[in-house]
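Subject: Handing over a structure, with notes on its disulfides

Dear colleague,

Please find below the structure I promised to pass on to you. Once you have had a look at it, the notes that follow should help you find your way around.

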Amino acid sequence: MSGTKEEDRKGSGEWRELFWNPRTHELLGRTASSWGLILLFYLVFYLFLAGMFVLTMYIMLLTLDDYKPTWQDRLETPGMMIRPKGDQLEISFSVSESESWNGFIQNLDRFLTPYEDSNQVQTNDNCSPDQYFIQEDSGEVRNNPKRSCQFNRTMLEECSGISDRFFGYSSGQPCVLIKLNRVIGMLPGKDGQSPYVTCGAKRYRVEEDEWREDGDKIGPLAYYPPNGTFNLMYYPYYGKKAQVNYTQPLVAVKFLNASLNTDIDVECKINSNTLAEGSDRDKFAGRVSFRLRINDT
């Protein structure tokens, strides 16, 4: 029995010496000088890694421009989007039920707030139409902040929400706003020809080799500004930081006599003599499709 206790004390003593050996003054098998050297090595090693990371980030930041991307990889044709943007790009409402279209009205009003004529007159220039508003830098001297051309809300006429604060939704003649995505440096036309928007019925497949479009349902359309143009004076775009007051141009489409109580698949696209036609691989490149349904009850 005493032998067992002696063995236990001997075993516990060996474990204590593994942590701290009073004879050799070693902690976990290392002397103080050994611990000091290894800690110094790792301190220098990690300081070197941190210094390399900081130096790499500093050199990379020197190659970046605060006002435009150093490298710009983009599609040949910018994307398009609509407002109001309903669920799944579907605008569905009932003329007689104001709660069904109130959300669309509020969405359009909020979106058009920066386009108020009073804001535009204070912050932007009254530019010459049908020509690019180019503002070159002078060598290393930045021409910043760059100015922007006015796009007044009143230019949307019947779809401005001023003469008709319901944007036509209360009368079954809804307005839809179309915008092109901003692309730095894009020149969307030449020879004084501005790009313009056209909308029509979208083709859809009914059978494997049969396509159909509901052109008879869409009815006549009105475009604002006239001819649905994105005037050249709003281009090129120089970026959010360089052109702080930029308000991108819009085109409003008003459906004057669309068929009621039926789904209408609409496609709007950009027409330009410099932009490539959008491909079927990207349904938003130079075009946007949405579904419109106007119920009379």
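A disulfide is a covalent bond between the sulfur atoms of two cysteines, and a pair of cysteine sulfur atoms is counted here as a disulfide when the two lie within 2.5 Å. Please keep in mind while reading that this is a predicted model.

To begin with the chain as a whole, the protein has 297 residues, of which 36% count as buried, and it contains 5 helices and 12 strands. Among the contacts with a separation of 6 or more, 76% are accounted for by residues that stand 24 or more positions apart. The exposed area of the protein chain comes to about 18500 Å², and carbon and sulfur atoms supply 53% of that area.

The structure holds 3 disulfides, and if the bonded cysteines are numbered in sequence order, the pairing reads 1-2, 3-4, 5-6. I take them one by one below.

One disulfide joins C127 to C149, with an S to S distance of 2.1 Å. Because C127 and C149 each lie in the loop between α4 (117-123) and β5 (175-180), the pair ties together parts that are 22 residues apart in sequence. The link of C127 and C149 is left-handed, with -100° about the S-S bond, and both cysteines, C127 and C149, are buried.

Another disulfide joins C159 to C175, where the S to S distance is 2.1 Å. This pair links distant parts of the chain, since C159 sits in the loop between α4 and β5 while C175 belongs to strand β5, 16 residues apart. The torsion about the S-S bond of C159 and C175 is about -75°, so this disulfide is left-handed. Buried means under 20% relative accessible area; C159, with a relative accessible area of 0%, is therefore buried, and C175 is buried as well, because its relative accessible area is 1%.

The remaining bond to describe joins C199 to C268, with an S to S distance of 2.0 Å. Here C199 is in strand β6 (residues 196-201) and C268 is in strand β11 (residues 263-271), so that the pair links distant parts of the chain that are 69 residues apart. With a torsion of about 110° about the S-S bond, the disulfide of C199 and C268 is right-handed, and C199 and C268 are both buried.

With best regards

Key: Residues are numbered from 1 along each chain as its sequence is written. This is a predicted model: local features need pLDDT of at least 70, side-chain atom pairs count only at pLDDT 80 or more; totals for chains, interfaces and linings use all residues. Side-chain values use heavy atoms; hydrogens and water are left out. Helices (H or I, at least four residues) and strands (E, at least two) are DSSP runs, numbered from the N terminus. Buried means under 20% relative accessible area, exposed over 50%, partly exposed in between (1.4 Å probe, protein chains only). Contact means heavy atoms within 4.5 Å. Accessible areas come from the Shrake-Rupley method with a 1.4 Å probe; for residues, only the protein chains shown count as cover.
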